[in-house]
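This report looks at a few side chains and how they pair with one another. Please keep the sequence and the structure at hand while reading.

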Amino acid sequence: MPQTHSKTLSIWLYTVCVFIGALVVLGGYTRLTRSGLSIVEWNVITGIIPPLGQEAWEAEFAKYQASPEGQLINPNMTLEGYERIYYVEYFHRLIGRLAGLVYVLPLFYFLARGVIPWRKSIPYLAVGLGFAFQGFLGWYMVASGLDELPRVSHYRLAAHLLAALGLLALTFWVALEQRPKPEPRENGGRLAGLRLSAGGLMGVLLLQILYGAFVAGLKAGHVSNTWPLMLGQWIPSGLFEKEAVWWLNLFSSELTVHFIHRWFAFVVLVLAGWVYMRAWKLRITGIQRVSVMILLLTGVQIALGVLTVWLNVAISVAIIHQGTAMLLFLAIVYLNYQVFVAHPVPQEAQLARPSLVR
């Protein structure tokens, strides 16, 4: 990773992180308002300008009416109603293009001026490629809902979301790399032990986010609006009855996916509590503070998840739920940066086998 220690680069990269975060939240709003399939073509250049004039709007509306969603979900939609969902998806794509420009244009400048040395440019170029890949995944996802069924593939939706978070994490990490690093600490052995816990916490959170994407793509949030009971039961019947092969229900049954997502959140909470306890034994201020933030955000996120269920996926609460998940993800990225990079472990501690219990 680069170590340029530039305040200018930090400001630029953190700004890009804000754009990516806004895209993630707006993407959730686009999905919740069923606006994602309103634009049935992907025009990279001409798509920057929305329809101008009545004739252009009617032509665009006709394309939508010929799509599966226009025929099966919104056959009675008016042109005025179409304009509303069109602009939601339009601004989502527009901000995506703008975010790419906010990254790529300064990148060319910094490379040309030597602010970013070419020998350290690989992570910066990887972020640029990540933007291009996100654009491809976005259209790949939308295209799955324009063929026969008016619903995007929940697998492609999950891939699009996880790739966006991966891009956010890489950009955030490169921004953090601009900071100078302290010398290795005497308690490096305990710090090495915390690495396993921090990495594990990231893994379980990503799995929980993956199932959140499955819930969104399958619209499984509407299966039950009660908590803690689900359809009147702690463990609802029929969890493995939708698919002929039982394990496929883990990924494609609305009931099963919802059930896993609501209870796996407590696995994240337990591990967040474990990380908190280990972090406070280290007496490193930055690690202690982020461990508290992670624990609090996890609790808030679970409360928001319950409220989302109770309110039958109210758009405002669901968006806050998604935004909080993104903040929790960034906090865990920061924790991993702290334990893996910001506070180096002495060589002798790295060679020792870390213990999970101290």
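## A network around Lys 63

In this predicted model, Glu 41 is partly exposed, its relative accessible area being 32%. Its side chain meets that of Lys 63 in a salt bridge, with an N to O distance of 3.1 Å. This pair links distant parts of the chain, since Glu 41 sits in the loop between α1 (7-32) and α2 (54-65) whereas Lys 63 belongs to helix α2, 22 residues apart. Lys 63 likewise counts as partly exposed, at 33% relative accessibility.

Lys 63 also forms a salt bridge with the side chain of Glu 60, at 3.9 Å from N to O, and these two residues both lie in helix α2, three residues apart, or about one turn of the helix. Glu 60 has a relative accessible area of 13% and is therefore buried, the cut-off being under 20%.

## A buried pair in helix α4

Arg 93 and Glu 89 both lie in helix α4 (residues 79-113), four residues apart, which is about one turn of the helix. Through shared partners, salt bridges elsewhere join Glu 41, Glu 60 and Lys 63 into one network. Arg 93 forms its salt bridge with Glu 89, with the closest N and O atoms 2.7 Å apart; Arg 93 is buried at a relative accessible area of 10%, and Glu 89 is buried at 4%. The whole structure holds six salt bridges.

## Ser 197 in helix α7

Ser 197, found in helix α7 (residues 188-218), is buried, with a relative accessible area of 5%. A polar contact of 3.1 Å joins its side chain to that of Trp 274. Leaving aside residues up to four places away in sequence, Ser 197 touches Leu 271, Trp 274, Val 275 and Arg 278.

Definitions and conventions:
Residues are numbered from 1 along each chain as its sequence is written. This is a predicted model: local features need pLDDT of at least 70, side-chain atom pairs count only at pLDDT 80 or more; totals for chains, interfaces and linings use all residues. Side-chain values use heavy atoms; hydrogens and water are left out. Buried means under 20% relative accessible area, exposed over 50%, partly exposed in between (1.4 Å probe, protein chains only). A polar contact is a pair of N or O atoms within 3.5 Å; within protein, one must be able to donate a hydrogen and the other to accept it, and residues adjacent in sequence count only if both atoms are side-chain atoms. Contact means heavy atoms within 4.5 Å. A salt bridge is a side-chain nitrogen of Lys or Arg within 4 Å of a carboxyl oxygen of Asp or Glu.
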